[in-house]
Amino acid sequence: MLADWHLGHLIAKPLLMPLLVTYVITRGAPRLLVAALLFGWGGDLALLFDAEPAFLVGMGSFAVGHVCYLVLFGKRLANPLLGGAYALALLGTVALLWSDLPADLRIPVAGYSLLLTAMAFRSSALGLRAGIGGALFLISDTLIASGVAEWPQLPRPDFWIMATYVAAQYLLATGSTATRDAGVP
């Protein structure tokens, strides 16, 4: 992505989540983790197409993945102060983006943002690794949303989106399996 090699992106992006799925399966990953990663893969595939329907399909696939993560995280306790910080981040981000988003994407993006923020917050209940993964997922998707809103972007925005996304999925996956390996229910 840094080299702006589009064909390389088209080849590599669809391989990332299946490789991670294969890795976590060898570590005895729970089915919900595998499902979350596969729904992420579905989102990745949809976002290869540059059209609003593909964006909505991708967002929907990622949303189902977030539900899988939320169920996987269970009812473990998470820090309520962190929850408050995430709530403020959600409200502030949606409020700032709202008027710059296309009108037909405002409600879907706000709903997705709520689900994503809940997943990011709840991931912290599994420990620092998964918590950082959840936060990076939130950052990655915020970068996407700011692009949809046509805000100024970092140089090579696709690189930063993919770097934070891949790190997020890896940290969520290994944080989830580390918790399982440690015998935490």
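**Core, surface and loop in a predicted helical model**

Setting aside residues up to four places away in sequence, valine 24 makes contact with Ala29, Leu33, Val34, Leu37, Ala173 and Thr177. I begin with this residue, colleagues, and I should say at once that the model under discussion is predicted.

Valine 24 belongs to the largest nonpolar core, a set of 38 residues. Val24, Leu33, Leu37, Tyr69 and Phe137 are the members with the most contacts inside that core. Two or more residues come from each of helix 1, helix 2 (31–46), helix 3 (52–73), helix 4 (80–98), helix 5 (106–123), helix 6 and helix 7 (157–181). Which helix gives the most to this core? Helix 3 does, with eight residues.

Let me turn to helix 6, which spans residues 128–148 and holds aspartate 141. How far from aspartate 141 is the nearest side chain of opposite charge? That side chain, lysine 13, is 9.3 Å away, and aspartate 141, although buried, has no salt bridge. A salt bridge would require a separation within 4 Å. Apart from residues up to four places away in sequence, aspartate 141 touches His66, Tyr112 and Leu116.

Serine 146 is also placed in helix 6. Is serine 146 buried or exposed? Its relative accessibility is 9%, and therefore serine 146 counts as buried. With neighbours within four places in sequence left aside, the contacts of serine 146 are Leu97, Trp151 and Gln153.

I move next to the loop between helix 6 and helix 7, where glutamate 150 and arginine 156 are found. Glutamate 150 is not a glycine, yet has a positive phi of about 60 degrees. Arginine 156, likewise not a glycine, has a positive phi of about 55 degrees. As to accessibility, glutamate 150 is exposed because its relative accessible area is 72%. Arginine 156, with a relative accessible area of 39%, is therefore partly exposed.

Finally, the surface. Which residues form a nonpolar patch there? They are Trp5, Leu7, Leu10, Ile11, Leu15 and Leu19, and together they have about 630 Å² of accessible area. Tryptophan 5 sits in the segment before helix 1 (6–26). Why does tryptophan 5 count as exposed? The reason is its relative accessibility of 57%, since exposed means over 50%.

To close, I would set two items side by side: a nonpolar core of 38 residues, and a nonpolar surface patch that includes Trp5.

Definitions and conventions. Residues numbered from 1 in each chain as written. Predicted model: local features only at pLDDT ≥ 70, side-chain atom pairs only at ≥ 80, totals over all residues. Heavy atoms only, no water. Helix = DSSP H or I, 4+ residues; strand = E, 2+ residues; numbered from the N terminus. Buried < 20%, exposed > 50% of the residue type's maximum accessible area, 1.4 Å probe, protein only. Lys, Arg positive; Asp, Glu negative; His and termini not counted. Contact = heavy atoms within 4.5 Å. Patch = residues over 30% accessible without salt bridge, like charges linked within 9 Å, V, L, I, M, F, W, Y side chains within 5 Å. Areas by Shrake-Rupley, 256 points an atom, 1.4 Å probe, with all protein chains shown as cover. Core = buried A, V, L, I, M, F, W, Y, C linked by side-chain atoms within 4.5 Å.
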